[in-house]
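Grab a coffee and work through a few short exercises on this protein. Try each task yourself before reading the solution.

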Amino acid sequence: MAGKNSVKDIVLLRLKKEKQMTIAQLGEYFNISDIALRRHIHTLEREGFIKSIVEKQTLGRPYYLYALTEKGHAIFPSHYQQFSEDLLLEIEDLKGKPFVYELLANRSDKEKLNYKSALSNSRNFDEKIKKLVDIQEEKGYMTELRENEDGSFELRQFNCPILRIAYRYKEVCNQEVDLFSDILDSECKVSATSCIVNGSNCCSFIFQKSD
């Protein structure tokens with residue numbers, strides 16, 4: 001694949017974060033000619049990493065949007081998703097889906113202990129949030145954190161390392177909210193505002209400080 005920070009890598013990263021973009025929108029991230037950028041995009045399309053989508057307009061000519069294909073999504077951190085998914089399907093065949101959810105819940109409980117240990121030296125709520133984001137980034141979630149005017153924080157995760165599992169067992173998405181809520185104790189209310197599994201370009205969460 002392309003080298004680190006190459007044009008192709010940046011195109012793939014922007015499409016991962018923004019979901020769909022035009023060539024003009026992608027061009028804002030480069031100092032190369034439109035022709036050169038189109039050449040890279042067409043190569044990625046030919047290799048199966050991205051796809052073009054025709055967007056029709058009421059007036060004027062239709063234009064193209066570009067998005068990642070399943071192959072394109074697969075190049076981002078996955079934590080051995082295929083192996084994990086196959087293993088869970090085998091367990092489901094043997095024990096049933098409720099048993100799989102029980103296993104996933106047990107795993108989440110163990111994760112809570114690891115997160116709490118990592119956040120134990122944080123002096124205040126803001127430090128905990130930033131440490132949490134660092135952990136998620138290390139796990140491959142491609143995070144962005146924004147502080148809102150009301151003092152709340154919005155965490156966006158543009159990559160889901162367990163996406164294939166989440167499509168099959170959607171309860172793991174709720175477990176993530178429970179995880180964040182538990183490790184931050186009563187310091188804030190956590191709510192999910194978007195989810196990749198439901199078609200959004202990222203999973204986003206609002207952390208509202210308690211009064």
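Before we start, a word on terms: two residues touch, or are in contact, when heavy atoms of theirs lie within 4.5 Å. Keep in mind too that this is a predicted model.

**Exercise 1. Find out which residues leucine 119 touches, not counting residues up to four places away in sequence.**

Step 1: locate the residue. Leucine 119 sits in helix H6, which covers residues 97–119.

Step 2: apply the contact cut-off. Leucine 119 then touches Lys128, Lys131, Leu132, Ile135, Ile183 and Leu184.

Step 3: pick one partner and check the spacing. Lysine 131 is 12 residues from leucine 119 in sequence, and their C-alpha atoms are 6.6 Å apart in space.

**Exercise 2. Decide whether leucine 119 is buried or exposed, and do the same for serine 108.**

Step 1: recall the cut-off. A residue counts as buried under 20% relative accessible area, and as exposed over 50%.

Step 2: look at leucine 119. Its relative accessible area is 3%, so leucine 119 is buried.

Step 3: look at serine 108, which is also placed in helix H6. Serine 108 has a relative accessible area of 9%, so this residue is buried too.

Step 4: see what serine 108 meets. Setting aside neighbours within four places in sequence, serine 108 contacts Gln175 and Leu179.

Step 5: put this in context. Of the protein's 211 residues, 41% count as buried.

**Exercise 3. Work out the strand order of the open sheet of 4 strands and how its strands pair.**

Step 1: read across the sheet. The order is S3-S4-S6-S5, and the pairing is antiparallel.

Step 2: find the edges. Strand S3 (143–147) and strand S5 (188–194) each have a single partner strand, so one side of each has no neighbour in the sheet.

Step 3: check the twist. On average, neighbouring strands of this sheet are turned by 20 degrees against each other, direction ignored.

Step 4: zoom in on one pair. Strand S4 (residues 153–157) and strand S6 (residues 203–209) are joined by 5 bridges. One of the residues to look at is phenylalanine 153, whose bridge partner in S6 is phenylalanine 207.

Step 5: add the helix. Helix H7 (residues 125–138) lies across S3, S4, S5 and S6, and runs at about 160 degrees to S3.

**Exercise 4. Sum up the charged side chains of the protein.**

Step 1: count each sign. There are 31 positive and 33 negative side chains.

Step 2: compare where the two sets are centred. Their centres lie 5 Å apart.

Technical notes. Residues numbered from 1 in each chain as written. Predicted model: local features only at pLDDT ≥ 70, side-chain atom pairs only at ≥ 80, totals over all residues. Heavy atoms only, no water. Pairing = 2+ DSSP bridges. Helix = DSSP H or I, 4+ residues; strand = E, 2+ residues; numbered from the N terminus. Axes fitted to C-alpha atoms, helices over the stretch in contact; angles between N-to-C directions. Buried < 20%, exposed > 50% of the residue type's maximum accessible area, 1.4 Å probe, protein only. Lys, Arg positive; Asp, Glu negative; His and termini not counted. Charge placed at Lys NZ, Arg CZ, Asp CG, Glu CD.
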